Amino acid sequence: QTGSANTNPSDSADDEYITSVSIGTPAQVLPLDFDTGSSDLWVFSSETPKSSASGHVTYSPSKSSTAKKLSGSTWSIEYGDKSSSSGDVYTDVVTIGGFSVKTQAVESATKVSTQFVQDTVISGLVGLGFDIGNQVSPRPQKTWFSNAASSLAEPLFTADLRHQETGSYNFGFIDTSLAKGTIGYTPADGSEGYWGFTATGYSVGGAKLNRNSITGIADTGTTLLLLPDNIVDAYYNNVESAQYDDSQEGVVFDCDEDLPSFSFGVGGQTITISGDLLNLTPIEEGSSTCFGGLQSSSDIGINIFGDVALKAALVVFDLGNERLGWAQK
Ligand SMILES: CSC[C@H](NC(=O)[C@H](Cc1ccccc1)NC(=O)N1CCOCC1)C(=O)N[C@@H](CC1CCCCC1)[C@@H](O)C(=O)OC(C)C
């Protein structure tokens, strides 16, 4: 068995990617953000304060004949951007891309932080990290993918995120036609709950890859490519108008400046992110100053190959072989 779901950028900056998920009987369809950087499936629900839930699609367990309260279980989570949510837990049928998991832990939010209240395009997250990262207590729950893996044709999923166009999450199969290059595989480290790996080197503007390895994570739930300061400086030294903008908390540059590409080595392949993908968006509507897709990871303390990097590749999250595959798109 397999599953295939379309995913769409939430806005003109590709800030996040939205995928429709069906929960319960009859199906309640919610727009969720698939996040390989976390391991909880949680939703805005009938238990979320009305003031917080305003503008969001919500899940009502009471309207689902297959919903069951997981009594005594609670959850609480905080993300890298300091947003947070918490609540209690139900189990229900969850269908993604035509594949159903009958008894999935659906974490219902009784509290959500301001960022979630304001982000009305999503009604929650589907964590696609490793089960060890699940935040339900007293008994941690499995992710949707972990529950699905044993029934899928292959215990893997792929992410094909695209700039300003529809992409896909495929479960149980690899559609190699989505990529131009060969898939290079490298070991994945799931010990922290997310998909850790090591890139073997990098280069700016099509130069030869150096051999400076970069250890980081493949994170569909992070917008940017976040790397060490020395790499960020090496890149922006090639961008004449680049400067650090305190209010934007990042490097900005003239929108009409041609940006060099950025490449990294992984699994014997080279992934090249085009200059266009490294210009995220004008800092304000109509501004001629743009915000960089590559920024420093020093504040977060972990290197993150987020959506800006993932958009350049077809990425295979291979749980069965504990490995990550990357192919140029
Ligand atoms: C460096 S860690 C920061 C990361 N968040 C982000 O990358 C958010 C995502 C977002 C987009 C639109 C609206 C709201 C939030 N974007 C962000 O901080 N941006 C500021 C810079 O300009 C680009 C947008 C993050 O916390 N990712 C979470 C998932 C994320 C999904 C969206 C809701 C908030 C939580 C997760 O991947 C995570 O915590 O990863 C850990 C391992 C770092």
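**Exercise 1. The peptide bond before Pro26**

Task: In this predicted model, state where Pro26 is found and what omega the peptide bond from Thr25 to Pro26 has.

Solution:
- Step 1. Place the residue: Pro26 sits in the loop between strand E2 (17-23) and E3.
- Step 2. Read the torsion: omega from Thr25 to Pro26 is near -10°, and the bond is cis.
- Step 3. Turn to another proline: Ser137 and Pro138 are joined by a cis peptide bond with omega about 5°.
- Step 4. Place Pro138: the loop between strand E9 (136-137) and helix H3 (144-149) holds Pro138.
- Step 5. Set this against the general case: most peptide bonds are trans.

**Exercise 2. Positive phi outside glycine**

Task: Find what phi Asp14 has and what phi Lys82 has, then decide for each residue whether the label is buried or exposed.

Solution:
- Step 1. The background is that most residues other than glycine have a negative phi.
- Step 2. Asp14 has a positive phi, near 55°.
- Step 3. Asp14 belongs to the loop between strand E1 (3-9) and E2.
- Step 4. The relative accessible area of Asp14 is 0%, so Asp14 is buried.
- Step 5. For Lys82, phi is also positive, near 75°.
- Step 6. Lys82 lies in the loop between strand E5 (68-78) and strand E6 (84-96).
- Step 7. Lys82 counts as exposed because its relative accessibility is 60%, and the exposed label requires over 50%.

**Exercise 3. The ligand and its shell**

Task: Identify which residues come nearest to the ligand, and give the distances of the contacts made by Asp35, Gly80 and Asp219.

Solution:
- Step 1. The ligand has 24 residues around it, of which Asp35, Gly80, Asp81, Asp219 and Thr223 come nearest.
- Step 2. For Asp35, a polar side-chain atom is 2.8 Å from a ligand oxygen atom.
- Step 3. For Gly80, the contact uses the backbone: an N or O atom there lies 2.9 Å from an oxygen atom of the ligand.
- Step 4. For Asp219, the side chain places an N or O atom 2.6 Å from an oxygen atom of the ligand.
- Step 5. On its own the ligand has 820 Å² of accessible area, and the protein covers 80% of that area.
- Step 6. Strand E3 (28-35) and helix H2 (114-118) are the elements that give two or more residues to the shell.
- Step 7. By residue class, the shell divides into 10 nonpolar, 7 polar and 7 charged residues.

**Exercise 4. The disulfide**

Task: State how many disulfides the structure holds, and work out which parts of the chain the pair of Cys255 and Cys290 ties together.

Solution:
- Step 1. The count is 1 disulfide.
- Step 2. Cys255 and Cys290 form the bond, with 2.1 Å between their sulfur atoms.
- Step 3. The torsion about the S-S bond is 105°, and the link of Cys255 and Cys290 is right-handed.
- Step 4. Cys255 is in the loop between strand E18 (250-254) and strand E19 (262-266), and Cys290 is in strand E22 (residues 289-292), so the link ties together parts 35 residues apart in sequence.
- Step 5. Accessibility at the two ends: Cys255 is partly exposed at 24%, whereas Cys290 is buried at 3%.

**Exercise 5. Salt bridges around Asp160**

Task: Name which residues are linked with Asp160 in a network of salt bridges, and give the accessibility of Asp160, Arg162 and Lys329.

Solution:
- Step 1. The whole structure contains 4 salt bridges.
- Step 2. Arg162 pairs with Asp160, the closest N and O atoms being 2.9 Å apart.
- Step 3. Lys329 also forms a salt bridge with Asp160, here with the closest N and O atoms 2.6 Å apart.
- Step 4. This pair links distant parts of the chain: Lys329 is in the segment after strand E26 (323-328) and Asp160 is in strand E10 (residues 156-160), 169 residues apart.
- Step 5. Joining the two pairs gives the network of Asp160, Arg162 and Lys329.
- Step 6. Asp160 is buried at 2% relative accessibility, Lys329 is buried at 15%, and Arg162 is partly exposed at 22%.
- Step 7. The cut-off settles the labels of Lys329 and Arg162: buried means under 20%.

**Exercise 6. The pair Arg323 and Asp318**

Task: Give the closest N and O distance for Arg323 and Asp318, and label Asp318 as buried or exposed.

Solution:
- Step 1. The closest N and O atoms of this salt bridge between Arg323 and Asp318 are 2.8 Å apart.
- Step 2. Asp318 has 2% relative accessibility and counts as buried.
- Step 3. Arg323, at 26%, counts as partly exposed.

Notes:
Residues numbered from 1 in each chain as written. Predicted model: local features only at pLDDT ≥ 70, side-chain atom pairs only at ≥ 80, totals over all residues. Heavy atoms only, no water. Near = heavy atom within 4 Å. Polar contact = N/O pair within 3.5 Å; in protein donor to acceptor, adjacent residues only side chain to side chain. Areas by Shrake-Rupley, 256 points an atom, 1.4 Å probe, with all protein chains shown as cover. Helix = DSSP H or I, 4+ residues; strand = E, 2+ residues; numbered from the N terminus. Nonpolar A, V, L, I, M, F, W, Y, C, P; charged D, E, K, R; others polar. Disulfide = S-S within 2.5 Å. Buried < 20%, exposed > 50% of the residue type's maximum accessible area, 1.4 Å probe, protein only. Salt bridge = Lys/Arg side-chain N within 4 Å of Asp/Glu carboxyl O.
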